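Trainee: I'm new to this structure and would love a close look at a single part of it. Could you walk me through one helix and its surroundings?

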Number of protein chains: 2
Amino acid sequence: MNFFDRLAHRSRAIDSLVCVGIDPDIRRHSTEDLVPYLSGVIEAAAPYAACFKPNIAFFEQFGIDGLRALERTLAAIPQDIPVIGDVKRGDIGNTAEAYARAMFEHWGFDAVTLSGYQGLDTVAPFLAYDDKGVYVLCRTSNPSSSEFQELPLANGRRLFEEVALTATSWSPRVGLVVGATAPDELRRVREIVPAAPLLVPGVGAQGGKPEEVIAAAGSEPGRIIVNSSRGILYAATGDSFAGAAAAAARDLRDALRAPAATGS
Amino acid sequence: MNFFDRLAHRSRAIDSLVCVGIDPDIRRHSTEDLVPYLSGVIEAAAPYAACFKPNIAFFEQFGIDGLRALERTLAAIPQDIPVIGDVKRGDIGNTAEAYARAMFEHWGFDAVTLSGYQGLDTVAPFLAYDDKGVYVLCRTSNPSSSEFQELPLANGRRLFEEVALTATSWSPRVGLVVGATAPDELRRVREIVPAAPLLVPGVGAQGGKPEEVIAAAGSEPGRIIVNSSRGILYAATGDSFAGAAAAAARDLRDALRAPAATGS
């Protein structure tokens, strides 16, 4: 099974579209307490997690000790739960091959996020690993995302639409990152690439609403996952952090259940 | 002095526009011989190097041992030579802050390359370090670069032109990555952003010609550096590698001297 099949399988098995983002805040941790804390969250949230998504930036900020902590954090994730490396790398040729080797062979991620500005050359070396998946940045959830992503093209499309069409044409193992904070654009992406796997960040702290995401992009397992990072990881501070993380992941799972499914 | 001032100073002091790319090929090295080899090249090529540019992908591919080797490689670079971290990161908000912390505080790079697809939010946390510089991907040197970068916009510009104008408007400490393999596009970028610092990869192995680069983009110190990686690093194999690297860097320096300067 490739990544997207594994993801669909896991989503169905636990009836959840939740992606648990692992983004440790450097102000809250030393490198010593990082692994126990994150392992506690992982163990508690796992029953509700279609997948986990560590963002490597938050480990890199601690230097090499942080990457050692990432190794140990990844080891705490149960084998049957797919792991997306949120690495947003984007380079070409032999450099892209080197990144693919790092992410898939060294770190063992099942999928990664990538920036597609340089075209297929960036993504192809990752697709050479035929059990792995890729999510290309399409329409992101940040304030300045419109500076380039919404530029109107001469062909009548906006840039993020062109990226959606082109990137998903490369392979069925290419999905898209589309933020929850712009439900109209999310609906538009779903309209033009109905089968594309979507990774949707931006619910919770960033303001996206779970029910709007599902209304815009559907709820088919494998075709959509909705990420929450801080909302789960730091649902509570102090000794109750793990239980609070589990409750936050469960609440997001419930909020993402499509009305039809909830009513049945 | 900020990065671009330091770069201009160094370029003038040694009359060189050469950026020496440090991109170790995993097929040629073990993690044990990586540092002695790269240190040998650095020492030999330093007299001709306006700056060094390690691409972190080639260290990440060796796993954490590779990053230890990067630490030791960086320590071998003389203090007065600026170092660009070719990391092509691109994320937003607190994630971009984490990457900036990693690159400038942990690794100590003087400048970095970034992907700008998500707009100013990606770049701003790096600009908060006021002695540092940034190069944003604009028109790259790979075959598929035209898939997105050359898209015609409704306003009559191509995407890479819009990126050039927008990114350099953020700060004078934002430069652009523009490949040597497309001299017409390089000339166009220089025309629309005459003062922008440019980092130009793609000479040598990738087919770009030094004299065409200078004709298209000028030769003002700090405003342009021309990168060669494999052409210097692997100029020869066997015991003569360091001497051959020095000769290759010197030859590129000479090829980049503007005709007017050469004739004086």
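Mentor: Happy to! Let's start with the outward side of α2(B): the face turned away from its buried side carries the exposed residues B:E32 and B:P36. Here, exposed means that 12 or fewer other C-beta atoms lie within 10 Å of a residue's own, buried means 20 or more, and partly exposed lies in between, with C-beta atoms placed from the backbone. A word on the source: this is a predicted model, where local features need pLDDT of at least 70 and side-chain atom pairs count only at pLDDT 80 or more, while totals for chains, interfaces and linings use all residues. Residues are numbered from 1 along each chain as its sequence is written, and chains are lettered from A and ligands numbered from 1 in the order in which they are written.

The helix itself covers residues 31–45 of chain B, 15 residues in total, and spans 22 Å from first C-alpha to last, close to the expected 21 Å (1.5 Å times one less than the number of residues). Helices are DSSP runs of H or I with at least four residues, strands runs of E with at least two, numbered from the N terminus.

Now the inward side: B:L34, B:Y37, B:L38, B:V41, B:I42, B:A44 and B:A45 are buried. They cover an arc of only 170° around the axis, which puts them on the same side of α2(B); the arc is taken from the directions from the helix axis to the C-beta atoms. These buried residues pack against β1 (18–22), β2 (51–54), α4 (64–75), α11 (230–233) and α12 (241–256) of chain B.

Definitions and conventions
Two residues are in contact if their C-beta atoms, placed from the backbone, lie within 7 Å.
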